[in-house]
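Got your viewer open? Let's walk through this structure one selection at a time.

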Amino acid sequence: MEKMSNIANIKKRKSVRSFKKEEFSNNLIQEITAKIDSLGNGYFGNEIKFYLIDKKRFKQEIKFETYGLFKNARYYLVSVIDEMTCNDDVFLDLGYMFERLILFITGLGLGSCWVSRTFNSGQFSNVLELDENEFIPAICPIGFRAKSISIREKIAKKIANSDNRKPWHRIFFEDDLSHPLIREIVGQYSVPLEMVRIAPSARNSQPWKIIKSENTYHFFIDDITDENPYDLRLIDIGIAMLHFEYSIRELNLAGRWIFQKPNLNLKGNLKYMISWESE
């Protein structure tokens, strides 16, 4: 199979909820597990564990309880983190690393669907025999996409708002939030930004805002709340980071991630995440 580019995989990846009843070959399983073994730690150095689960290999039936309404979901990618080490960087790393894995399996011709917050993790925890401090923040059913979309998938797509994306002027800005970023002035950077715009996020909320200031792109998360000890939307920011970086590397654009909160006059409930400094 010819290897697809990362940008091509980003464009190709769509949420899939109806799968064929097709068993993975041993070679395919080996490719996925080899990729998992090669992932290493995240960008911020955190260890994220990933597992490929074939639910038919376990005597205990795994029932998938989620709004996703999946059909013929047999194989799952499962992420595991240690609750004792949780902070913002851990969830950023989780999104960054998990999306690397998902784009890889996209290149193998498999369909997938990110799921966080809306599933029962207890049965997966039991199957994996996790320690009491470990928990599962996100999973992803994977498989060969069914030829036809089921009614259940159509309903799920509508619930998840999967087919809608915010326009440029609502998420990309220059210097402050009152000046939308003009696509034409950023040249080749319009591609990495577009790959961020089409990135998956929980309920398709797209919680990111990127503000360009001189040669630097600053990433923020929008609408911060303190309702939960863990803001799982940070996973979405990690996904956006990977799409941005993968596209930049493929286009041979020079730059680096930096942590340097900008001195910008911003209104709104934003939290600074990270910046990309172009060269």
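Here is a tour that goes from the whole chain to a sheet, a helix, some aromatic rings, the cores and the cysteines.

**The whole chain**

Before you click on anything, keep in mind that this is a predicted model. Colour by secondary structure and you should find seven helices and twelve strands. The chain has 279 residues, and 54% of them count as buried. If you look at contacts between residues at least 6 apart in sequence, 76% join residues at least 24 apart.

**Stop 1: the six-stranded sheet**

Select β7 to β12. These six strands make an open sheet, and reading across it you get the order β8-β7-β9-β10-β12-β11, with mixed pairing. Which strands stand at the edges? They are β8 (176-180) and β11 (255-258); each has a single partner strand, so one side of each is left without a neighbour in the sheet. Turn the view to look across the strands: neighbours in this sheet are turned by 35 degrees against each other on average, ignoring direction.

Now zoom in on β11 and its partner β12 (residues 270-278). The two run antiparallel and pair over four bridges. Show Trp257 and look for its bridge partner in β12, which is Trp276. Keep both tryptophans on screen, as they come back later.

**Stop 2: helix α6 on the sheet**

Next, select residues 190-197. This is helix α6, and it packs on the sheet, where it touches β7 (172-174), β9 (208-213) and β10 (216-222). The direction of α6 makes about 165 degrees with that of β9.

How many residues of α6 are buried? Seven of the eight are, so the helix is largely enclosed by the rest of the structure. To see them, show Ser190, Pro192, Leu193, Glu194, Met195, Val196 and Arg197. Around them, display α1 (6-12), β7, β9, β10 and α7, because these are what the buried residues of α6 pack against.

Click on Leu193, which sits in this helix. Its relative accessible area is 0%, so it counts as buried. Beyond its neighbours within four places in sequence, Leu193 is in contact with Trp168, Phe172, Leu181, Val186, Ile210, Tyr217 and Phe244. You can also draw a distance from the C-alpha of Leu193 to that of Glu245: these residues are 52 apart along the chain, yet the atoms are separated by 9.9 Å.

**Stop 3: the aromatic rings**

Show the side chains of Phe, Tyr and Trp. There are 18 aromatic pairs to find. Start with Phe219 and Trp257, an edge-to-face pair with 5.4 Å centre to centre and 70 degrees between the planes. Phe219 belongs to strand β10 and Trp257 to strand β11, so the pair ties together parts that are 38 residues apart in sequence. Buried or exposed? Phe219 and Trp257 are both buried.

Then move to Phe244 and Trp276. They are edge-to-face too, at 6.2 Å centre to centre and 75 degrees between the planes. Here Phe244 comes from helix α7 (residues 234-250) and Trp276 from strand β12, so the pair links parts that are 32 residues apart in sequence. Again, both residues are buried.

To see how these rings belong together, select Tyr43, Phe44, Tyr96, Tyr189, Tyr217, Phe219, Phe244, Trp257 and Trp276: they form one aromatic cluster.

**Stop 4: the nonpolar cores**

The largest nonpolar core has 61 residues, and the members that touch the most others are Ile32, Phe98, Ile142, Leu193 and Phe244. Helix α3 (residues 88-107) gives the most to this core, with eleven residues.

Pick Ile142 and show what surrounds it. Not counting residues up to four places away in sequence, Ile142 touches, among others, Phe19, Phe24, Ile32, Leu52, Tyr75 and Leu77. Further along the chain, its contacts include Ile105, Leu110, Gly111 and Ser112. There is also a second, separate core of 16 residues, including Phe70, Ala73, Tyr76 and Phe124.

**Stop 5: the cysteines**

Finish by selecting the cysteines. How many disulfides does the structure hold? Zero. Cys113 has its nearest cysteine sulfur, that of Cys140, 6.8 Å away. Cys113 is buried, with a relative accessible area of 2%. Cys86 is buried as well, with a value of 17%.

Note on methods:
Residues numbered from 1 in each chain as written. Predicted model: local features only at pLDDT ≥ 70, side-chain atom pairs only at ≥ 80, totals over all residues. Heavy atoms only, no water. Pairing = 2+ DSSP bridges. Axes fitted to C-alpha atoms, helices over the stretch in contact; angles between N-to-C directions. Contact = heavy atoms within 4.5 Å. Disulfide = S-S within 2.5 Å. Buried < 20%, exposed > 50% of the residue type's maximum accessible area, 1.4 Å probe, protein only. Phe/Tyr/Trp six-rings, centres within 6.5 Å; stacked < 30°, edge-to-face > 60°. Core = buried A, V, L, I, M, F, W, Y, C linked by side-chain atoms within 4.5 Å.
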